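Visitor: I would like a close look at one part of this model. Please take the aromatic rings and what surrounds them.

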Amino acid sequence: APSYKHMLWGLFLFNLVIKLVSVPLNLAEYTDGILQLTLFDNPNRLYPPLFTILSLALHRIIPGDLETAGRIVSALSSALIVFPLMSAARRIFGDRAALFAGILYSIAPVPMRWSVHAMTDALFAFLFFLSVSYILKAALEEEGRDINLAVATVIAVAAMMTRYQGMLLAAPMALVWLEGLKRRGRRSLIPVAAQFLWLIPLLWIIHSGFRHPEQFSERAGDNFFLTIVNIILLSESFLLYSPYFLTWPVCFAFLAGLFLQDWRRREQIRLFLLFGLLLVMTLILQAAFSSFQSRYLLPLVPFVCIFAGHGLKTLEERWRTRPAAFKMLLGITICWSLLFSFGTLFLQNQAWGDLKDAADFVRRLPPDTPVYSNEAYKDLGPVKMRYWSGREVLPFTGQPLPSGSVLCLHSAHGGAAAFARTSRWLQESQGAKSVLTFDSFLVPLLPDIMQEPMSHQNPLALTFRYTPQKFRTEIFRIP
């Protein structure tokens, strides 16, 4: 039988190869990704800079564009998670559970989907769980507790410099430190001194600004009661759809691992409490943000895989007299995850593809041609069109356009009805001529952009998860 070390490196290489091979599949990137990649060129007060720095550094080393560099950062980060994940699973549940946990994570749909996009999510998930692994060490081992807490702090700060949600890690670290203080009755300066590192993201916020409070206030209910209701409803939606995101077989293995663990063992209780604390805080934070996206659960997927790995190990032991039944369960679990994962890679790879094709066309227009687009992201205007076309693109909000200008009209912004209405208005009132059309489509197995904006970033999107979403960008020239 292969050793644990061989299994660990084998799963890492499997992750790395399958995710690097999948990097070219996506035709385009999301607005968040473009804003993150161009953070230093277009300050937006939304993101910290670590992902941007790593992507720019890799872009200097490898051939290709900045988007490809960002995707490789994500792919490598997603592959690296198997090290802290399998290490934590082995420490608490043993080698066999670690193997199952590593396999389940390697083929999980949500990590697979976001490991090939140029966005902060995969890097953040890696740093988040790496910090968690050191918090667990500090909670379980008296010897080296202070060093482990200090290392956990360094990594948590790096996580916060990737996504501001990294601040959630401060709570479990504080609890572990207080517990150690209570036990030993003396203070150690090492973890205390490490807390000064939290000044780094604070200084970044002071320097670049912090727009998230505005976003929270924009998306909050009309009063405090409605805000609380919205948080409860969206948190409930995340929990209700989690078995679908994780796949039902993995959810079954997770529940088996949760309920069949030895509650007398301190390390298993600590893992459960840490998972519960971070789950509650994540749900409240993301629900308050009023955005329903599976990627927000990405940092918690390693926990699920660890419990599910333990569940599979326990069921394998209990079904020794029925090995065929366990092999069937394991086969269904692996095949379901693989089909779901490859479905997301191949059926959701065209998001914003029509817009990128339009930007390539715009790039070839004479430099003095005024170009407009109805793409909009808050007050930042046509972010993706400007980036992909490499030129100034002005926002179109329904105003009359000057003669000789070109308009890129996108159905993804406003929906199909608004697209048809604006197209008719342009041709009737301004004599606009349609020059070209670009189409793209996707099947939103996991929440994605939708034909109708009402279901975008909304649990309603899951109602249409098997319904193809069609998008069109039409190029108009104003005579």
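The charged end of which residue sits over the ring of Tyr377?

Guide: The charged end of Lys378 does, 5.3 Å from the ring centre. Keep in mind that this is a predicted model. A second ring of this kind is that of Tyr4. The charged end of Arg90 sits over the Tyr4 ring, 4.0 Å from its centre.

Stay with Tyr377 for a moment. Thr31 touches Tyr377, along with Glu375, Val383 and Lys384, leaving aside residues up to four places away in sequence. Thr31 itself belongs to helix 2, residues 31-37. Its relative accessible area is 9%, so Thr31 counts as buried.

Now the ring pairs. A search of the whole structure finds 21 aromatic pairs. Trp9 and Phe12 make one of them. Their ring centres are 5.7 Å apart, and the planes meet at 90°. That makes the pair edge-to-face. Both residues sit in helix 1, residues 4-22. They are three residues apart, so about one helical turn separates them. An α-helix has 3.6 residues a turn, so residues three or four places apart point the same way. The two partners differ in exposure. Trp9 is partly exposed, at 42% relative accessible area. Phe12 is buried, at 9%.

Another pair joins Tyr244 and Phe340. Their centres are 5.2 Å apart and their planes stand at 50°, so this pair is tilted. Tyr244 lies in helix 14 (residues 224-246), while Phe340 lies in helix 18 (residues 323-347). The pair therefore ties together parts that are 96 residues apart in sequence. Both Tyr244 and Phe340 are buried.

Beyond pairs, there is a cluster. Phe93, Phe129, Phe254, Phe275, Phe303 and Phe307 form one aromatic cluster. Phe303 is a good place to look around. Its contacts are Phe129, Val132, Leu271, Leu274, Phe275 and Leu278, with residues up to four places away in sequence not counted. Two of these contacts, Phe129 and Phe275, are also named in the cluster.

Phe303 leads on to the core. The largest nonpolar core has 127 residues. Within this core, Leu85, Val132, Phe303 and Trp352 touch the most other members. Helix 8, residues 121-140, gives the most to this core: 14 residues. A further core of 10 residues lies apart from it, with Leu401, Leu407, Leu426 and Ile478 among its members. In soluble globular proteins, nonpolar side chains tend to be buried together.

Several Phe303 contacts point to helix 16. This helix covers residues 266-288, which is 23 residues. From first C-alpha to last, helix 16 reaches 33 Å, close to the 33 Å expected at 1.5 Å a residue. Its buried residues include Leu271, Leu274, Phe275 and Leu278. Those four also touch Phe303. Polar and charged names are on the buried list too: Glu267, Gln268, Arg270, Thr282 and Gln286 are among them. Just after helix 16, Ser290 takes a positive phi of about 55°.

Helix 9 offers another case to set beside helix 16. Its 16 residues, 145-160, should span 22 Å at 1.5 Å a residue. The end C-alpha atoms are 22 Å apart, which agrees. Helix 9 is mostly covered, with 12 of its 16 residues buried. Among those buried are Arg145, Asp146, Leu149, Ile155, Val157 and Met160.

Next, the cysteines. The structure holds zero disulfides. Cys305 is in none, and the nearest cysteine sulfur, that of Cys251, is 12 Å away. Cys305 is buried, at 3% relative accessible area. Cys335 is also in no disulfide; its nearest cysteine sulfur, that of Cys305, is 17 Å away. Cys335 counts as partly exposed, at 45% relative accessibility.

One last stop lies out in a loop. Met454 sits between strand 4 (433-442) and strand 5 (469-477). With a relative accessible area of 64%, Met454 is exposed. Met454 and Gly415 are 39 residues apart in sequence, yet 8.8 Å apart in space, C-alpha to C-alpha.

Definitions and conventions: Residues numbered from 1 in each chain as written. Predicted model: local features only at pLDDT ≥ 70, side-chain atom pairs only at ≥ 80, totals over all residues. Heavy atoms only, no water. Helix = DSSP H or I, 4+ residues; strand = E, 2+ residues; numbered from the N terminus. Expected span 1.5 Å × (residues − 1). Buried < 20%, exposed > 50% of the residue type's maximum accessible area, 1.4 Å probe, protein only. Core = buried A, V, L, I, M, F, W, Y, C linked by side-chain atoms within 4.5 Å. Contact = heavy atoms within 4.5 Å. Disulfide = S-S within 2.5 Å. Phe/Tyr/Trp six-rings, centres within 6.5 Å; stacked < 30°, edge-to-face > 60°. Lys NZ or Arg CZ within 6 Å of the ring centre and 35° of its normal.
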